[in-house]
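Colleague: Please take me through this model one question at a time, and give the cut-off behind each term when it first comes up.

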Amino acid sequence: MARTKDYWGTRIQRIFDEHQKELAADELYRRVYERTYEAVNRLYEETQGQGLTRMQLYRSARFLSWRRDLMRQLDGLSGTLDDRMERVLKQAYKDAGLAAKESIGEKTVWTVQNRKMAEACVERKWAGDDFSGRIWKNRTELASTLEQGITSIILTGMGRNELLRELNDLKYRERFHPPDGASQSEIEKAYEAYLQRGRRQADCLVRTELMHTLNTAQIETYKSEGVNWLELDAEPTACSKCTDVERHGPYPIGRIPWTIGHPNCRCTWLAVEDEDIK
């Protein structure tokens, strides 16, 4: 390789950053929050003081209307993210594959076979599901969390001081069971906190899917070009698992420990020339 390992590691990270911006999961989730918040306020106002049981609330026309609206918004969000990811992941595979060819001195030509490899990678299941399945699972979990939380707010309310203490507690974001006395502004804060959780999950999903695709593109390209050895280029803030794998490399290309180490992993696999192997 004419250029250093650091150069090619940085090149892949640059490709990652460029494509992550295109996905913009955080902006999509913000839009859902803005569109559904007013509906939550109206639901709260119309049901306060009625002494509804949980079952009565679930059967009320206003609650059912809010739930349908929420699901439409989340369906639109998931469908948009699904479409964007398919397009971006295929382009990311191509960019990483061409960079891999260049790193070993091969002509950067993208063939029909390379394109088919990219399509197969994007559609392939890994960690139990394909990227589309994970997006829709994230949508379903978020819808369930928001529904449970809004129901609890309406049925029990929440006091302002207690709410502020709760919002500063990380555990709150995982359970969403508010106590008595909530105002409209307090509902907004609670609702925002739980969409934040959905945005964090979506951001993690996007990052992991994208890095998995980049690494897969490099590995499959290296195999097709006759590379025999790979080493992990661990990012500066890598976890102990990744730094340990880096320390014990390089590895035969058919026996690397994994394609991506864990959710949010930014470490990447690079080619090693045969004459560099002791």
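**Cysteines, openings and charged pairs**

Colleague: How many disulfides does the structure hold?

Modeller: A disulfide is a covalent bond between the sulfur atoms of two cysteines, and the search accepts a pair of cysteine sulfur atoms within 2.5 Å. This is a predicted model, in which local features need pLDDT of at least 70 and side-chain atom pairs count only at pLDDT 80 or more, while totals for chains, interfaces and linings use all residues. Residues are numbered from 1 along each chain as its sequence is written, and side-chain values use heavy atoms, with hydrogens and water left out. Under that criterion, the number of disulfides in the structure is 0.

Colleague: Is Cys121 buried or exposed?

Modeller: The classes rest on relative accessible area with a 1.4 Å probe and protein chains only: buried is under 20%, exposed is over 50%, and partly exposed lies in between. Cys204, at 22%, is therefore partly exposed. Cys121 has a relative accessibility of 4%, so its class is buried.

Colleague: In what order do the helices and strands run from the N terminus?

Modeller: Helices (H or I, at least four residues) and strands (E, at least two) are DSSP runs, numbered from the N terminus. The chain has 10 helices and 3 strands, and 47% of its 278 residues count as buried. Read from the N terminus, the order is α-α-α-α-α-α-α-α-α-β-α-β-β.

Colleague: Which element gives the largest share of the lining of the largest pocket?

Modeller: On a 1 Å grid over the protein atoms alone, a pocket is an open set of points with protein on both sides within 12 Å along at least five of seven lines, a cavity is a set where a 1.4 Å probe fits but cannot get out, and lining residues have an atom within 4 Å of a point. Points are joined across faces, edges and corners, and a volume is the space filled by probe spheres set on them; the largest pocket holds about 340 Å³. Its lining has 16 residues, with Arg134, Cys204, Leu205, Thr208 and Pro263 nearest the centre, and the elements giving two or more residues to this lining are helix 6 (131–156) and helix 9 (184–224). The largest share, 5 residues, comes from helix 9.

Colleague: How many charged residues are in the lining of the largest cavity?

Modeller: The structure has 1 cavity of 30 Å³ or more, and the space in the largest cavity is about 60 Å³. Its lining includes Cys121, Arg124, Asp130, Arg134, Glu209 and His212, and helix 9 gives the most, with 3 residues. For the classes, Asp, Glu, Lys and Arg count as charged, Ala, Val, Leu, Ile, Met, Phe, Trp, Tyr, Cys and Pro as nonpolar, and the others, Gly among them, as polar. With 5 nonpolar and 2 polar residues in this lining, the charged residues number 4.

Colleague: How far apart in sequence are the parts that Asp17 and Arg266 tie together?

Modeller: A salt bridge requires a side-chain nitrogen of Lys or Arg within 4 Å of a carboxyl oxygen of Asp or Glu; the whole structure has 12, and one of them joins Asp17 and Arg266 at 3.1 Å, N to O. Because Asp17 sits in helix 1 (residues 5–23) and Arg266 in the loop between strand 2 (251–252) and strand 3 (268–272), the parts tied together lie apart in sequence by 249 residues.

Colleague: Why are Asp69 and Arg72 separated by about one helical turn?

Modeller: Asp69 and Arg72 form a salt bridge whose closest N and O atoms are 3.6 Å apart. Asp69, at 17% relative accessibility, counts as buried, whereas Arg72, at 53%, counts as exposed. The separation is about one helical turn because, within helix 4 (residues 61–103), their distance in sequence is 3 residues.

Colleague: Which residue forms a salt bridge with Glu225?

Modeller: Glu225 lies in the loop between helix 9 and strand 1 (229–233), and its partner lies in helix 4, 124 residues away in sequence. Glu225 is partly exposed at 29%, whereas the partner, Lys101, is buried at 5%. With closest N and O atoms 3.9 Å apart, the residue paired with Glu225 is Lys101.
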